[in-house]
Amino acid sequence: RGTTAPPNRHFRAGKVLVPLCAQSNKEERTGCTGNCRCGFLERCYPKFRTASNEHTDIGVCNPAVAVLVFLSVLLIGIFLVCMVVLRAYFQWRERIQAMMESGYNPVDELPDPGLIAPPKSMDISRLHA
């Protein structure tokens, strides 16, 4: 039975396996409108080649729109988190500096003894009843 697939395509279990587009000398993967395909998370965008008054769409593989949107949101999120962390750090530093300028000395203040050790009159026998 005849096939219309180009010679560089392969058959496996009744499906045509199309090879990935190869990189050109400009590090672009072109030819995806012809006999090759783009990789995962990529899509084929139009790219025209002109040869003597004839414009031919050869196609070029670049990241898909969903990948570009995800990377943009991720980058904005990273910058936002960095700004929040830096703001919290500078506020903390300013608060410590204001405390030191007002004469606060953490050594002078003793912690509440109730926070350090449990009360001496604690009856454990009631807990197991």
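Reader: What area does the chain expose, and what share of it do carbon and sulfur atoms supply?

Author: This is a predicted model, in which local features need pLDDT of at least 70, side-chain atom pairs count only at pLDDT 80 or more, and totals for chains, interfaces and linings use all residues. Residues are numbered from 1 along each chain as its sequence is written, and side-chain values use heavy atoms, leaving out hydrogens and water. Accessible areas come from the Shrake-Rupley method with a 1.4 Å probe; for residues, only the protein chains shown count as cover. The chain exposes about 11,500 Å², and carbon and sulfur atoms supply 62% of it.

Reader: What share of the residues counts as buried?

Author: Buried means under 20% relative accessible area, exposed over 50%, and partly exposed in between (1.4 Å probe, protein chains only). Of the 129 residues of the chain, 12% are buried.

Reader: Which residues form the largest nonpolar core?

Author: In soluble globular proteins, nonpolar side chains tend to be buried together. A nonpolar core is a set of buried Ala, Val, Leu, Ile, Met, Phe, Trp, Tyr and Cys residues joined through side-chain atoms within 4.5 Å. Here the largest one has five residues: Cys 21, Cys 32, Cys 36, Cys 38 and Cys 61.

Reader: Which residue of strand 3 is the bridge partner of Cys 61 in strand 7?

Author: Strands (E, at least two residues) and helices (H or I, at least four) are DSSP runs, numbered from the N terminus. Two strands pair if DSSP finds at least two bridges between them. Strand 3 and strand 7 (residues 60-63) pair in the antiparallel sense over two bridges, and Arg 29 has Cys 61 as its bridge partner.
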